[in-house]
Amino acid sequence: KWSFRIKTSGKKALFGMRRFSIQNPYVRGFQGQYLIDETRRIYGLVSLRRKLVNVVVNGNRIGLMEVEEHFSKELLESNGRKESVIIRFDESDSWEFGRLYDYTNTMVDPFRQGRINQSQTLQQHNRMAIGLLRGYSDGVLAASDAFEVSEMGMFLAINRLWGSQHGVRWGNLRFYFNPYIGKLQPIGYDDNFHERRQYNVPIKDKFFTKVLQDKLVYQAYLTALRKLTQDVLKGNLISQLNDLEKQYATPLFTEFYLLQRYNYSDLKKRAKWISENIVTAVAETLDYSSIRNAHIYLVKRNLRASYDLQFSSRFISHGVYPM
């Protein structure tokens with residue numbers, strides 16, 4: 001079952017999408033990626049749409065394939081976000097040269113460069129977005145200066161709950177530039193559900209551990225973990241996901257006969273361990289007195305890992321996120 005990247009002709013759309021992939025459901029862990037995506041959607045994060053379809057190629061029936069939305073204007077519209085740019089770390093150098101390259105020294109590039117070139121507004125958003133991500137990865141900006149704190153905290157917490165280290169690997173990260181607040185917001189992608197870590201094994205990815213060193217992000221992360229674990233242990237989240245899985249996964253069992261429903265006792269075990277060993281084990285208060293945030297205007301030069309920073313004179317103190 002080969003994967004295909006598809007762009008519809010003209011302004012036509014399929015399932016509200018003009019750019020998408022179709023791939024073997026196994027690639028995204030059958031219904032597993034869907035469950036993680038829907039967890040993100042429930043808690044207000046940008047989430048890709050996906051759908052199971054029967055595919056015929058030149059008269060040959062391929063069978064069930066999964067439609068996965070690409071990073072486009074339609075993705076933002078379906079999530080109620082204003083049109084802007086989506087950026088990523090370019091991992092092509094790492095594929096060629098290995099571990100010499102990671103998010104600290106690779107290029108940052110946007111999706112849909114052609115569309116950006118046609119709009120002065122999107123060009124400005126692109127410069128801001130790349131400057132923020134480049135500034136953070138070079139250590140000039142704190143994580144809380146580059147990323148919207150509450151969404152980044154929730155994104156990291158959801159990945160910790162599901163044990164998805166692959167989803168926070170730097171090459172799989174995608175970021176939406178929110179023009180209303182001038183910050184980056186994470187978009188989940190490629191979590192490798194079938195390779196998730198055990199409930200008591202920490203995520204040790206470099207980006208994950210580094211961004212949590214920011215006190216504001218860490219506080220938002222703990223707040224999100226508390227919310228997630230309570231919703232799992234009370235049954236609220238499991239009830240929602242169970243209903244969604246019934247609708248989504250039923251077609252899978254007609255072709256993948258040995259496939260089983262997700263066992264939600266696994267999610268309960270994860271939530272219980274996190275609640276007892278992370279959420280309740282940390283100090284209830286953190287000192288925010290030294291943390292400040294600046295309005296930043298960034299312009300990217302046409303050079304690898306370089307940028308200009310122009311700070312405005314207005315500095316605004318961060319507020320404390322409620323537990």
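**Close-up 1. The buried residues of helix α1 and their neighbours in this predicted model.** The buried residues of α1 pack against β3 (50–57), α7, α9 (215–233) and α10. In this helix, 9 of the 11 residues are buried, and α1 is therefore described as mostly covered, since buried means under 20% relative accessible area. The buried residues are Gly32, Gln33, Tyr34, Leu35, Ile36, Asp37, Glu38, Thr39 and Arg40. Just after α1 comes Gly44, which takes a positive phi of about 85°.

**Close-up 2. The crossing of helices α1 and α7.** In general, two packed helices are described by the angle between their axes and the distance between the axes. Here the axes of α1 and α7 come within 10 Å and cross at roughly 145°, and the crossing is right-handed. On the side of α1 the contact is made by Leu35, Ile36, Thr39 and Arg40, while α7 contributes Phe155, Ile158, Asn159 and Trp162. An α-helix has 3.6 residues a turn, so residues three or four places apart point the same way.

**Close-up 3. Two aromatic pairs that link distant parts of the chain.** A pair of aromatic rings is described by the distance of the centres and the angle of the planes. By the rule used here, the count comes to 21 aromatic pairs. The rings of Tyr34 and Tyr248 have centres 4.0 Å apart and planes at 5°, so this pair is stacked, planes under 30 degrees apart being counted in that way. Tyr34 belongs to helix α1 (residues 32–42) and Tyr248 to helix α10 (residues 236–249), with their positions 214 residues apart in the chain numbering. Tyr34 is buried, at a relative accessible area of 9%, and Tyr248 is buried as well, at 8%. The other pair, Trp162 with Tyr262, is tilted, with 5.4 Å from centre to centre and 45° between the planes. Trp162 lies in helix α7, whereas Tyr262 lies in the loop between α10 and α11 (265–279), and the two are 100 residues apart. Trp162 counts as buried at 1% relative accessibility, and Tyr262 is buried with a relative accessible area of 8%.

**Close-up 4. An open sheet of 4 strands and the helices that pack on it.** The strands follow the order β6-β5-β7-β8, and their pairing is antiparallel. The edge strands are β6 (108–110) and β8 (183–187), each of which pairs on one side only. From one strand to the next, the twist averages 35°. Strand β5 (residues 86–89) is joined to strand β7 (residues 174–178) by 3 bridges, and in β7 the bridge partner of Ile87 is Phe175. Helix α7 (residues 149–162) packs on the sheet and touches β7 and β8, with its direction at about 20° to that of β8. Helix α5 (residues 120–137) lies across β5, β6, β7 and β8, and runs at about 30° to β5.

**Close-up 5. The hairpin of β7 and β8.** These strands run antiparallel and are joined by 5 bridges, with Asn178 standing opposite Lys183 in β8. There are 4 residues between the strands, and Gly182 in the turn has a positive phi of about 65°. Strand β8 is mostly covered, as 5 of its 5 residues are buried. Both faces of β8 are covered, with Lys183, Gln185 and Ile187 buried on one side and Leu184 and Pro186 buried on the other.

**Close-up 6. A cluster of rings, and charges placed over rings.** Ring pairs link Phe89, Tyr103, Tyr136, Phe147, Trp170, Phe175 and Phe207 into a cluster. One of these rings, that of Trp170, has the charged end of Arg169 sitting over it, 5.6 Å from the ring centre. Elsewhere, the charged end of Arg196 sits over the ring of Phe193, at 4.0 Å from its centre.

**Close-up 7. Positive phi at Phe30 and Arg112.** Phe30 has a positive phi of about 55° although it is not a glycine, and its place is in the loop between β2 (19–23) and α1. With a relative accessible area of 17%, Phe30 is buried. Arg112, which is not a glycine either, has a positive phi of about 60° and lies in the loop between β6 and α4 (113–117). At 25% relative accessibility, Arg112 counts as partly exposed.

Note on methods: Residues numbered from 1 in each chain as written. Predicted model: local features only at pLDDT ≥ 70, side-chain atom pairs only at ≥ 80, totals over all residues. Heavy atoms only, no water. Pairing = 2+ DSSP bridges. Axes fitted to C-alpha atoms, helices over the stretch in contact; angles between N-to-C directions. Contact = heavy atoms within 4.5 Å. Phe/Tyr/Trp six-rings, centres within 6.5 Å; stacked < 30°, edge-to-face > 60°. Buried < 20%, exposed > 50% of the residue type's maximum accessible area, 1.4 Å probe, protein only. Lys NZ or Arg CZ within 6 Å of the ring centre and 35° of its normal. Left-handed = near helix turned anticlockwise from the far one by under 90°.
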